[in-house]
2 protein chains.
Amino acid sequence: MSDYRYPYQDGVFVLNELVDLEQICKSAGLEEFADGLAEAVLDEAGKLGNEQLAPLNIVGDQKGAAIQNNQVTETEGFSEAYQQFCEGGWPSLAHNPEFGGQGLPNTLAVAVNEVWQSANLAWSLCPLLTQGAIEAIEAHGSEQLQQFYLPKLISGEWTGTMNLTEPDAGTDLAALKARAVPEGDHYRITGQKIFITWGDHQMTDNIVHLVLARLPDAPPGVKGISLFVVPKFLLDENGELTDKRNDAYAVALEHKLGIHGSPTCVMSFGENEGAIGYLVGEENNGLACMFTMMNDARQGVGLQGLAISERAYQHALAYAKDRVQGTLRDGSRITIINHPDVRRMLMQMKAGSQAMRALTYVAKAESDYYHNATCAEQKAQHKARTELLTPIVKGWITELAQEITYLGVQIHGGMGFIEETGAAQHYRDARILTIYEGTTGIQALDLIGRKTLVDNGAALTALLDEIQGDLNAISSPELQDVVESFQDVLNEAKEAKNWVLDVAANDSSAAGGASVSFMMLMGYLCSGWLMLKSANIAQIKLADEGTDIPFMQSKIACARFFAEQMLPRTSGLLKAMQAGGDTIMQLSEEQF
Amino acid sequence: MSDYRYPYQDGVFVLNELVDLEQICKSAGLEEFADGLAEAVLDEAGKLGNEQLAPLNIVGDQKGAAIQNNQVTETEGFSEAYQQFCEGGWPSLAHNPEFGGQGLPNTLAVAVNEVWQSANLAWSLCPLLTQGAIEAIEAHGSEQLQQFYLPKLISGEWTGTMNLTEPDAGTDLAALKARAVPEGDHYRITGQKIFITWGDHQMTDNIVHLVLARLPDAPPGVKGISLFVVPKFLLDENGELTDKRNDAYAVALEHKLGIHGSPTCVMSFGENEGAIGYLVGEENNGLACMFTMMNDARQGVGLQGLAISERAYQHALAYAKDRVQGTLRDGSRITIINHPDVRRMLMQMKAGSQAMRALTYVAKAESDYYHNATCAEQKAQHKARTELLTPIVKGWITELAQEITYLGVQIHGGMGFIEETGAAQHYRDARILTIYEGTTGIQALDLIGRKTLVDNGAALTALLDEIQGDLNAISSPELQDVVESFQDVLNEAKEAKNWVLDVAANDSSAAGGASVSFMMLMGYLCSGWLMLKSANIAQIKLADEGTDIPFMQSKIACARFFAEQMLPRTSGLLKAMQAGGDTIMQLSEEQF
């Protein structure tokens, strides 16, 4: 029931054909990885995921974390899996060698991370959040903070958390109230934070909380927020762990729809003497630090959308191949995979997961391109592309993941509604993905505002131009009908961009009302582009000697399915955008 | 949190303006109901739903039914609510006066049933299933069966169940194995049935199971199925209840994703001496009897889709009006209903629920038109329309209900994922609706096969012609842009029909692969038609003295929103259909 295998062949196809991991490795001076080592790494990760983490997925769902005396105990078995994860060196994969990281490309790490997230979404949130904490400290922390905390976080010896939300300050961080009062080389932090993922557990001997709080003299709003490191146990002056407990406690756990294995804590800082915290970056510059952490986490949540979709697909596929319902004319009974409507759902799950994988890996590769770029112009381009793709990866993928995990239940019929089957867990677990790290609405506003209007569409235009160029370059006659229909999608995307620049720029209701349709349209565009590119590569490879012909044919079929069954949605999205915001905003509050 | 009010004004609008309940009442010789009594009935139902049933909804979720020694105990409070329900005479509302029913129109009953389903979906399944049992016995049962069982079922003194599914026979009833061996005036039934809703409980002193089983000499497949009445406690020869327990027991309860308050039983018949059952209709004609029961239940599940959507909408609306997030330029803080993207989601929930309500009530009214029809031709037309609309009501509404309950969670942000909030319960409860009483795929095959290809599109053509006629008759200049865009939708629907008759007729993969898209397209068409009709009526009424102008304006705004934001999906659905079945079926089983 909880069997899971990383879809190795598709993963490697994306890494080699769409992203060119070999070139990334070479640029980073990692020739040995260019030569097959990447595949070996992925293979090892697959084993750990399949054998250790995947079986614990349903265990975490049925027996989630528990809290007693401000101490959270994670699901049985999670800690042992975590130790193995650290012993294998997995936490440090793509991190800075200066602090003990292995310095491998992010693009390889994202594929490896897919394994953990598919195998056990709730468990994997712990390393995912830790990664965000590492990014923030590395980008903004003082040298001492880096020396004290990064090696332990990178090795996995300690884990990290993100403490942003308060009861009255969710999306609206301007409203946050937690206080930080200077005291010598540190600050005293007081306040309550909610929805803190893996805020406490017993898997490691320290936890590093990154906490947003306000200084006494801070300006109001988001310009008065600062970021602090607040360790669960304090360090001494040499950075060694002490047994002095900081005044930062988990005081309650949430009872959630899904990801039961992930403790979602109410955290209380400074109930007693005040929690000791250390400033990250400059005072009142917490929002920028937070975004470093958040942007990484947003792509990570997009990856989760892919991961849970793949898992749900494998689950439904196994059932569809096994479940007998229906009789042919000759009296023989058939499995449900033979029914066209079930087949349609499976194809949607398969093609959808592939599209998500292509988009996630390609988006992540931009951070490697950025890192390896040799001139400022290139760096700027890759930075802009990463920023443009982040809300699409987070927003579009997690929305589509709802549909795919929904279909996973549907293929199971009545059994899908029974918890023991396991399909419903994926559906419940997936439901958080369009909410945390910024809801779909927030991603959409980010895309339309900070990523499109802000540069008058420059980054988006560059992307659309690249897609047009790629489309023009597809010569396979077998794909010309798909190319033609995709040209329509691309034209709609161009029209959508122009509408945003012309209309939404001057009408905030229109912009806000159309933002999710715009984001979804761009998601279908980007994933459709990568599916079509994949099909073209597969078509060319069909002629190669030694090619795995059934695999390449299936890549082409999935791209064609995606174009035929899913891309037609874009015209409806464009029309919905162009309807503007008047009707959306027409009713008074009383008329609801 | 669990507050719920029947949307009285919208319900009455549909009943008076779209359905003409007054005329239905007059045709049925119920002049007193034509004169305001219907509204009074609805008002009373609203009170019972709001005060008694709605508060029990979350109780049922948190403390579902339990089983011990083959005896199911329902959630505390459910039985008392059921007694009040019976005392109020609610079960008998639309049933045959010959057996103690009140003989009121089905159209009024469907509105009343919306109240129960919105207030408490899990609880309301018990009367819903009972209704199916009544229909089957009334249509197919012997005079004695009718005399013995109908009065008790109609009064609510006893409840009914539907026992179709077995572990290897879900959608595929041909595979069912339960046996019925003749023995004097009755049969001995043996076999196991699963997914039996309200298969046991302590709310009434008897339960009437309707059970599909095979006679020893029955032909294989669906032509060898018979339907039996199997009471939990046997009756004596005068039809009086005895304390002799029949050999029909609930042996286990399912642990489900939602509707925890509804016991879903594994039923064992004839583990000991064999359960005593009485044939309904003729031997080997069980499928027809089953469809009588099922078609009623299918429309009932469509109604559940509306009901849970309305409930989720009210829940989300209350939160959106209350939750403060965001600050205006002047520093004042605002509730989230003011954010355009939240507003878009609320409008989608509101307009979607209205569209569902219009479609459900209009579809149900056909059964009254049929009943009141004075000539065979009219009867045939209304029968065909009912049959055509049933899979659309079940399929389209329950699919849209997934999206609406999803948005209900989304509007709550992080709080939506927390079970205490209650939004997640609606989302979980709704998930069964696209599965039971025939999955969405089954509804879609029914629509494309038994309802469209079977009569060469005659019933569908009649509907499309009626819609075109209504569209042509809309004269309000304020609505001409909506009329124009809806003409596009109608043209697409006509094209879809032609494609089905031309292509799908000769290609079962194309038919099966396109069936859900076809059904969804027809759902948007029918609901769009009724929304536009509503807007036209509201537009005309704006000029009337004493009109509730804000309400009529909101009807127009909802119709416009529906046309602008939701109907544009039809072009994508048509394209997906026209892509055919080749790509859907292209991969071999091994290529998955």
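How many residues of chain B are in contact with residues of chain A? In this predicted model, 83 residues of chain B are in contact with 83 residues of chain A, where contact means heavy atoms within 4.5 Å.

Residues are numbered from 1 along each chain as written, and chains are lettered from A in the order written. Local features need pLDDT of at least 70, side-chain atom pairs count only at pLDDT 80 or more, totals for interfaces use all residues, and side-chain values use heavy atoms, without hydrogens and water.

Chain B is superposed on chain A by a rotation of 180° with 0.0 Å of shift along the axis, at an RMSD of 0.0 Å. That is the relation of a two-fold axis; the fit is by least squares on C-alpha atoms of residues with pLDDT of at least 70 in both copies. Since 100% of the interface residues of chain B are also interface residues in chain A, the copies meet through the same surface.

The two chains bury about 7,400 Å² between them, 59% of it on carbon and sulfur atoms. Buried area is the accessible area (1.4 Å probe) lost on putting two parts together, summed over both.

There are 2 salt bridges between the chains, each a side-chain nitrogen of Lys or Arg within 4 Å of a carboxyl oxygen of Asp or Glu. One of them joins Asp172(A) and Arg333(B), at 2.5 Å from N to O.

The side of chain B that touches chain A divides by class as follows.

| Class | Residues of chain B |
|---|---|
| Nonpolar (Ala, Val, Leu, Ile, Met, Phe, Trp, Tyr, Cys, Pro) | 32 residues |
| Polar (the others, Gly among them) | 31 residues |
| Charged (Asp, Glu, Lys, Arg) | 20 residues |
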